[in-house]
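Here are my notes for your review, set out as numbered points. Please read them with the sequence and the structure open beside you.

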Amino acid sequence: MSASHDLELLSATKSFGGWLKRYKHRSDSLHCEMVFAIYLPPAAEEKPVPLLWWLSGLTCTDENFMQKAGAHRVAAELGIAIVCPDTSPRGTDLPGEHDSYDFGSGAGFYLNATQAPWSQHYRMYDYVTTELPALVQAHFPLNGREAISGHSMGGHGALICALKNPRRYTSVSAFAPIAHPSQCPWGEKAFSGYLGEDRESWKEWDACELIRAQGGSQALMVDQGEADNFYQDGQLQPEALQQVCEQTGVPLTLRLHPGYDHSYFFIASFIEDHLRYHAHHLGQR
């Protein structure tokens with residue numbers, strides 16, 4: 001068994017009859033130690049349960065969602081496990097890695113970097129779609145059915161993972177995703193650093209471009225707060241996602257919420273809708 005399969009339990013906290021646990025392990029994909037969190041509902045003590053992946057946004061860790069989203073009560077009721085990976089490699093200390101909030105530490109963008117020095121460690125796509133799924137399936141009572149969701153950069157990640165892996169996830173949703181990263185400042189900065197200046201290569205990691213190229217049949221569910229300053233500044237561009245989905249026939253439910261911003265207050269307000277949506281597709285309700 002490789003080192004990446006050895007888990008070190010960091011903490012275990014009882015919550016709504018289930019358990020929130022944090023683990024550390026050595027990642028073969030990222031060549032560093034990583035931490036992730038898992039919420040196991042009470043039903044997991046009796047039988048394998050389905051899994052929702054939650055991908056967090058810029059500057060976040062595995063802890064933000066688990067502490068702020070208020071998801072445990074409904075996940076416990078529905079019998080769904082939730083796994084929260086970290087948002088980037090940690091402890092690599094590459095030159096410039098910690099200089100800004102939107103590139104490097106906490107800003108892995110769920111892609112596989114091709115440019116040095118980032119390509120050695122910044123392979124978050126491989127980590128969240130291959131390495132970590134194999135690890136959690138080996139160690140926890142999961143039944144193999146998976147859904148995926150996320151927020152902001154993590155919403156981008158959720159869309160990318162689902163679009164690049166048709167039929168892998170029963171359902172996909174996102175809160176305020178970076179929907180068209182190749183055409184916004186956050187994405188342009190990250191993609192040029194991780195992938196280089198060839199904008200054609202960026203399309204592989206842009207939800208709008210993937211849909212434009214391949215279409216798809218899996219329904220997408222997106223919530224966006226209208227008072228979100230990043231929405232107003234053009235970082236998120238849900239309208240671009242809506243337009244390309246209409247052009248290609250990809251089913252999209254886009255809900256705009258007046259008064260809501262980009263914070264976890266927004267997520268906490270609507271997380272129950274998303275959990276019940278995923279439970280329906282996971283066969284739990």
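1. The model under discussion is a predicted one, and the points below should be read with that in mind. I begin with the strands, then turn to the nonpolar core, the salt bridges and, at the end, a single serine.

2. Within strand S3, Lys-24 has Val-35 as its bridge partner, and this pair belongs to the antiparallel pairing of S2, residues 18-27, with S3, which is made up of nine bridges. The two strands form a hairpin with four residues between them, and in the turn His-31 takes a positive phi of about 55 degrees, a value that you may wish to check in your own viewer.

3. Strand S3, which covers residues 32-40, also pairs with strand S5, residues 81-84, through three bridges, and this pairing too is antiparallel. Here Tyr-39 is matched with Ile-82 in S5. As for its surroundings, S3 is mostly covered, with eight of its nine residues buried.

4. Which residues have the most contacts inside the largest nonpolar core? They are Phe-36, Phe-65, Ile-82, Phe-109 and Tyr-194, in a core that counts 94 residues. Helix H10, residues 264-282, supplies the largest share of this core, namely eight residues. As general background, nonpolar side chains in soluble globular proteins tend to be buried together. Ile-82 thus appears twice in this note, as the bridge partner of Tyr-39 and among the core residues with the most contacts.

5. How many salt bridges does a search of the whole structure find? The search returns 17. One of them joins Arg-73 to Glu-272, with 3.1 Å between the closest N and O atoms. This pair links distant parts of the chain, since Arg-73 sits in helix H2, residues 72-78, and Glu-272 in helix H10, the two being 199 residues apart. Arg-73 is partly exposed at 40% relative accessible area, and Glu-272 is likewise classed as partly exposed, at 30%.

6. A further salt bridge is formed by Arg-90 and Asp-86, whose closest N and O atoms are 2.8 Å apart. Is each partner buried or partly exposed? Arg-90 has a relative accessible area of 28% and is therefore partly exposed, whereas Asp-86, at 5%, counts as buried.

7. The side chains of Arg-168 and Glu-146 also meet in a salt bridge, at 2.8 Å from N to O. Arg-168 lies in the loop between helix H4 (153-164) and strand S7 (172-175), while Glu-146 belongs to strand S6, residues 142-150, so the pair ties together parts that are 22 residues apart in sequence. Arg-168 is partly exposed, with a relative accessible area of 23%, and Glu-146 is buried, with 7%. Elsewhere, salt bridges that share partners join Arg-73, Glu-77, Glu-272 and Arg-276 into one network.

8. Finally, I would draw attention to Ser-15, which is placed in strand S1, residues 8-15. Its relative accessible area is 14%, and because buried means under 20%, Ser-15 is classed as buried. Once its neighbours within four places in sequence are left aside, Ser-15 is in contact with Tyr-39 and His-72. Of these two contacts, Tyr-39 is the residue already met above as the bridge partner of Ile-82 in S5, and His-72 falls within helix H2, residues 72-78.

Note on methods
Residues numbered from 1 in each chain as written. Predicted model: local features only at pLDDT ≥ 70, side-chain atom pairs only at ≥ 80, totals over all residues. Heavy atoms only, no water. Buried < 20%, exposed > 50% of the residue type's maximum accessible area, 1.4 Å probe, protein only. Pairing = 2+ DSSP bridges. Core = buried A, V, L, I, M, F, W, Y, C linked by side-chain atoms within 4.5 Å. Salt bridge = Lys/Arg side-chain N within 4 Å of Asp/Glu carboxyl O. Contact = heavy atoms within 4.5 Å.
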